[in-house]
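Please look through the sequence and the model shown below, and then work through the questions that follow. Each answer sets out its reasoning before it closes on the value or name requested.

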Amino acid sequence: MTQTPEDLIIRFINNTCTDEELVSLKKWLDESDENYVELFASERVALDAASLSIDDASLNRAKSRLAGRISADKERVARRLRRRLLWRTVGVAAMLSVIVFAGLFFMRNSETKMLHYAAADKCVSLVLPDSTRVFLNSNSRLSYPEAFASDCREVELVGEGYFEVSHDSSRPFRVAGQYLNVEVLGTHFNFLSRDSTVNSVSLIEGSVEVTTADQEDGVVLEPGQKAVYSIETGHLIVQNANTAADASWHNRMIPFENANLRDIVDILIQLYGRDIELDRGVDLDKTYSGVTVYCRDLDSTLHGLSNTIPIRFKTMGEKTFIYAK
């Protein structure tokens, strides 16, 4: 019989989940934000009920037991859960429980990792404790501590985020995604980390190191480069790209620099995933620099673009044609 989420939550809090059940619980959590809230509420009840203090020896023994369970099936389980699950111990009904939680973390020093959600229909921005500014795209979330550690700054991203990292040479800034990890000192970059698409890191300025979650592959990017990871092949490649265009969603601006209409159309195809055909009569020798507003639909963006560039357009079904004005 299929186990209910309630059963899994109880076994999870009481530290009786098998490795397979941990994976099942993680999949359930990723199905919706409400599931995270439900688990968080259950854990809060357990925390309120806990009245026992734990010495360091007990803490270390608990961690060792959990590490032993995960390492027994390292290739299949540990890689999925590493960077996704951290632990904290609580006393519940005189029993030691190791709480493993993805997205919301309870640390040894009682700091709480706070989960921020982007609204379904818009992006949101927030400032982290180190003054780093983050823009979260719709259906994305970011986990980070109330105060960063003295030696590093670590956050976790699910979805898409644009980062303007505050420079700190003594504390690297690390972003953990499901398939890629990024480490920087101070820079601007866009990070796409989702289950159903190609994952990528686009560097706008500065320098970043991008590694796969299993640490088996890695690259250092320069501005104007994009690291692309294929979930299907497991390959990480570097491309030259208009990386600023990849981040257009965060400020609703599409930048162009010495771009002809072919370059501009390529950027619009990249952003909208639409079929766009450029008429042969268009002059490709002329170049343009500036920005145009990134609208939700292609026609609105082209309408704004036609106010500054001599073009006209027509959309027929799923295809858009662009002509010289």
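Q: Among contacts between residues at least 6 apart in sequence, what percentage join residues at least 24 apart in the protein chain?
A: The model is a predicted one, and its protein chain has nine helices and 20 strands. Taking the contacts in this chain between residues at least 6 apart in sequence, the share that joins residues at least 24 apart is 47%.

Q: What percentage of the residues in the protein chain is buried?
A: The protein chain exposes about 16,600 Å², of which carbon and sulfur atoms supply 49%. Counting residues rather than area, the chain has 325 of them, and the buried ones make up 44%.

Q: Which parts of the chain does the salt bridge between Arg 174 and Glu 154 tie together?
A: Arg 174 and Glu 154 form a salt bridge in which the closest N and O atoms are 3.3 Å apart. The two residues are 20 residues apart in sequence, so the pair ties together strand β8 (residues 173–176), which holds Arg 174, and strand β7 (residues 153–164), which holds Glu 154.

Q: Which residue is linked with Glu 154 and Arg 174 in a network of salt bridges?
A: Within this network, Arg 174 is partly exposed with a relative accessible area of 27%, and Glu 154 is partly exposed as well, with a relative accessible area of 34%. The network of salt bridges that includes Glu 154 and Arg 174 also takes in Glu 183.

Q: By about how much of a helix are Asp 266 and Arg 262 separated?
A: Asp 266 forms a salt bridge with Arg 262, with the closest N and O atoms 3.3 Å apart. Asp 266 is partly exposed at a relative accessible area of 38%, and Arg 262 is partly exposed at 31%. Because the two residues are four residues apart in helix α8 (residues 261–272), their separation is about one helical turn.

Q: How many residues apart are Lys 319 and Glu 277, which form a pair linking distant parts of the chain?
A: The side chains of Lys 319 and Glu 277 meet in a salt bridge at 2.7 Å, N to O. Lys 319 belongs to strand β20 (residues 319–324) and Glu 277 to strand β17 (residues 275–278), and the distance between them along the chain is 42 residues.

Q: Which residue in β20 is the bridge partner of Leu 278?
A: Strand β17 has an uncovered face, formed by Asp 275 and Glu 277, and a covered face, formed by Ile 276 and Leu 278. Four bridges join β17 to β20, and the two strands run parallel. For Leu 278, on the covered face of β17, the bridge partner in β20 is Ile 322.

Q: How is the aromatic pair of Phe 148 and Phe 173 arranged, edge-to-face or stacked?
A: The structure holds six aromatic pairs. In the one formed by Phe 148 and Phe 173, the rings are 6.3 Å apart centre to centre and their planes make an angle of 70 degrees, an arrangement that is edge-to-face.

Q: What is the arrangement of the rings of Phe 163 and Phe 189?
A: Both Phe 148 and Phe 173 are buried. The rings of Phe 163 and Phe 189 have their centres 5.0 Å apart, with planes at 10 degrees, so this pair is stacked.

Q: Which residues do ring pairs link into a cluster?
A: Phe 163 lies in strand β7 and Phe 189 in strand β10 (residues 188–193), so their pair ties together parts that are 26 residues apart in sequence. Both Phe 163 and Phe 189 are buried. Ring pairs link these two with two other residues, and the cluster consists of Phe 148, Phe 163, Phe 173 and Phe 189.

Q: Over the face of which residue does Arg 252 lie?
A: Arg 252 is found in the loop between α7 (248–251) and β16 (253–259), where it counts as partly exposed at 33% relative accessibility. Leaving aside residues up to four places away in sequence, Arg 252 touches Thr 292, Val 293, Tyr 294, Cys 295 and Arg 296. At 4.7 Å from the ring centre, Arg 252 lies over the face of Tyr 294.

Methods: Residues numbered from 1 in each chain as written. Predicted model: local features only at pLDDT ≥ 70, side-chain atom pairs only at ≥ 80, totals over all residues. Heavy atoms only, no water. Salt bridge = Lys/Arg side-chain N within 4 Å of Asp/Glu carboxyl O. Buried < 20%, exposed > 50% of the residue type's maximum accessible area, 1.4 Å probe, protein only. Contact = heavy atoms within 4.5 Å. Areas by Shrake-Rupley, 256 points an atom, 1.4 Å probe, with all protein chains shown as cover. Pairing = 2+ DSSP bridges. Phe/Tyr/Trp six-rings, centres within 6.5 Å; stacked < 30°, edge-to-face > 60°. Lys NZ or Arg CZ within 6 Å of the ring centre and 35° of its normal.
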